[in-house]
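Student: I would like to go through this model and ask what justifies each label put on it.

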Amino acid sequence: MIINNVEADTLAGDPVLATTYKAARAVAGLVESHFERHHLSVQSHYDQELAPKPDAKTIETIIDTTFWASLRREEGRSPKVSIAYLPPECAENPLIFSEKLSLTANILTKLAPAVERSGIHLGVWLEGNELRIWGTTRVIPGLCFVLEVVEPGMLVIKHRRVDGFGKFVNVAVLKGDQVKIVDENSGKARDCPSVINSMIGFTSSRLWSDSLNLLVQLAVSMRAHERGGILLVVPNGKDDWRKSIIHPITYHVQPAFSELADLNRRYIEEPNPIGWQLQLSSAINGLAGLTAVDGATIINDKYELLAFGAKIGRAADGKPVEEMLVTEPVIGDVGVVVHPVQQGGTRHLSAAQFVFDQRDAIALVASQDGRFTIFSWAPCEGKVQAHRVDALLL
């Protein structure tokens, strides 16, 4: 759902709090329903402790306070914080303050420099009728409500996956008066590649070992280097993709580099081997780093590296791509058909052309400005589909 110039009372009923950031009240009830729904869906098969469910009033207060804190500056820097809603006894090895602090914009701004690094959360819990900051934690239980400041005025609501490791699941993105609610059902749409469903992460059986989840981690790492890049995923054992690449390939890999494929296979055979997570993260970052080189990085669907720095060209017997369907996995999105040049620059056009020629391949494209698009062929539509997944990767 994309809400501009949010009318909070219309969306969420009569106000309960003196909230001054209208989007907080607009989204609170929807987020409460999300957590309620997914707590119920996993309780029957998940035997570990889940985080407590936040109610709409709590969600609204945390968002409102954090939003105004994000607009402040401390010593010339904007605060970046991640807030987790849970009591200290639900955290693993928490750092607990001797005196709990009030959840205010001023205190969040002051604390931000100590917790701005990735993976550190400020723990917040109710004491009486007041939300208070009790300390910090690095490890939180499944379905724990997390609110992260991405940049001034931009917040992401997310939670930890109930199984395994991996990127947190995004629930909503708030930027000023605009609210985007991630559509849980977008991965079920026809012609939508299953990697989208893995990014959304609502299927409880998705594990870090899921091969599709490796694409999620690669996408996150590609976006993180901020140089832009293209990752092409082609079918294993087929060479048709070579028809859409200009030869010679400067950085051709022979034999195929299989570090990531080997680690994935090793985990399937031996769950949780010692040091596996660190090794896998290193392999993912190494491969994603190659996408910063001008040209496309090419892997097969077994995650073996075939080449990088490759130049995409139209197949000799191919036609130029003239249109594509652009979609975004948020509630209320309506796909639009545009010419590829309207979606982005050279990277987007070449990725769309590659998928137009090689319809059993997908292309992941990171822009320098943080946009991220997945291109795939939509047989029912008879055209290239461009999935804007920025809201899933923040």
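The exchange below takes the labels in turn.

Student: What kind of model is this, and how confident is the predictor in the chain?

Tutor: The model is predicted. The mean pLDDT of the chain is 85, and 86% of the residues reach 70 or more. Over residues 4–17, however, pLDDT is below 50, and this stretch has 25 contacts in the model beyond near neighbours in sequence. Residues 202–212 also stay under 50, with 36 contacts beyond four places in sequence.

Student: How do you know that the structure holds zero disulfides?

Tutor: A disulfide needs two cysteine sulfur atoms within 2.5 Å. For C90 the closest cysteine sulfur is that of C144, 8.4 Å away, so the pair is too far apart for a bond. C144 is likewise in no disulfide, its nearest cysteine sulfur being that of C90. The total for the structure is zero.

Student: Why do C90 and C144 count as buried?

Tutor: The label requires a relative accessible area under 20%. C90 has 16%, so C90 counts as buried. C144 has 0%, so C144 counts as buried too.

Student: What makes a group of residues a nonpolar core, and which residues have the most contacts inside the largest one?

Tutor: The members must be buried residues of the listed nonpolar types, joined through side-chain atoms within 4.5 Å. The largest such set here has 36 residues, and V27, I62, I63, L103, F145, I157 and L174 have the most contacts inside it. Helix 2, residues 22–42, gives the most to this core, with six residues.

Student: Which residues does I62 touch?

Tutor: Leaving out residues up to four places away in sequence, I62 touches I83, Y85, L103, L131, F145 and L147. A separate second core has 31 residues, including L214, L305, I362 and A366.

Student: What makes strand 13 mostly covered?

Tutor: Strand 13 spans residues 305–310, and six of its six residues are buried.

Student: How do you know which strands pair with strand 13?

Tutor: Two strands pair if there are at least two bridges between them. Strand 11, residues 251–257, has three bridges to strand 13, so the two pair, in the antiparallel sense. Y251 stands opposite F308 in strand 13. Strand 12, residues 296–300, is also joined to strand 13 by three bridges, so that pair meets the criterion as well, again antiparallel. There, I298 has A307 of strand 13 as its bridge partner.

Student: What lies between strand 12 and strand 13?

Tutor: The two strands form a hairpin with four residues between them. Y303 is in the loop between strand 12 and strand 13, and its phi is near 70 degrees, a positive value in a residue other than glycine.

Student: Is Y303 buried or exposed?

Tutor: Buried means under 20% relative accessible area. Y303 has 5%, so Y303 counts as buried.

Student: Where is E226, and why is E226 called exposed?

Tutor: E226 is in the loop between helix 6, residues 211–224, and strand 10. Exposed means over 50% relative accessible area. E226 has 58%, so E226 is exposed. Phi of E226 is near 60 degrees, positive in a residue other than glycine.

Student: Which omega values go with the cis peptide bonds at P248 and P255?

Tutor: From H247 to P248 the peptide bond is cis, with omega near 0 degrees. Between Q254 and P255 the bond is also cis, and omega is about 0 degrees. P248 lies in the loop between strand 10, residues 229–234, and strand 11, whereas P255 is found in strand 11.

Student: Why is Q358 called buried, and where is Q358 found?

Tutor: Q358 has a relative accessible area of 7%, so Q358 is buried. Q358 is found in the loop between helix 9, residues 346–357, and strand 16, residues 362–366.

Student: What makes the link between Q358 and S244 a polar contact?

Tutor: The cut-off for the N or O atoms of a polar contact is 3.5 Å. The side chains of Q358 and S244 are joined at 2.9 Å, so the distance satisfies the cut-off. Beyond four places in sequence, Q358 is in contact with D240, W241, K243 and S244.

Note on methods. Residues numbered from 1 in each chain as written. Predicted model: local features only at pLDDT ≥ 70, side-chain atom pairs only at ≥ 80, totals over all residues. Heavy atoms only, no water. Buried < 20%, exposed > 50% of the residue type's maximum accessible area, 1.4 Å probe, protein only. Contact = heavy atoms within 4.5 Å. Polar contact = N/O pair within 3.5 Å; in protein donor to acceptor, adjacent residues only side chain to side chain. pLDDT = per-residue confidence, 0-100.
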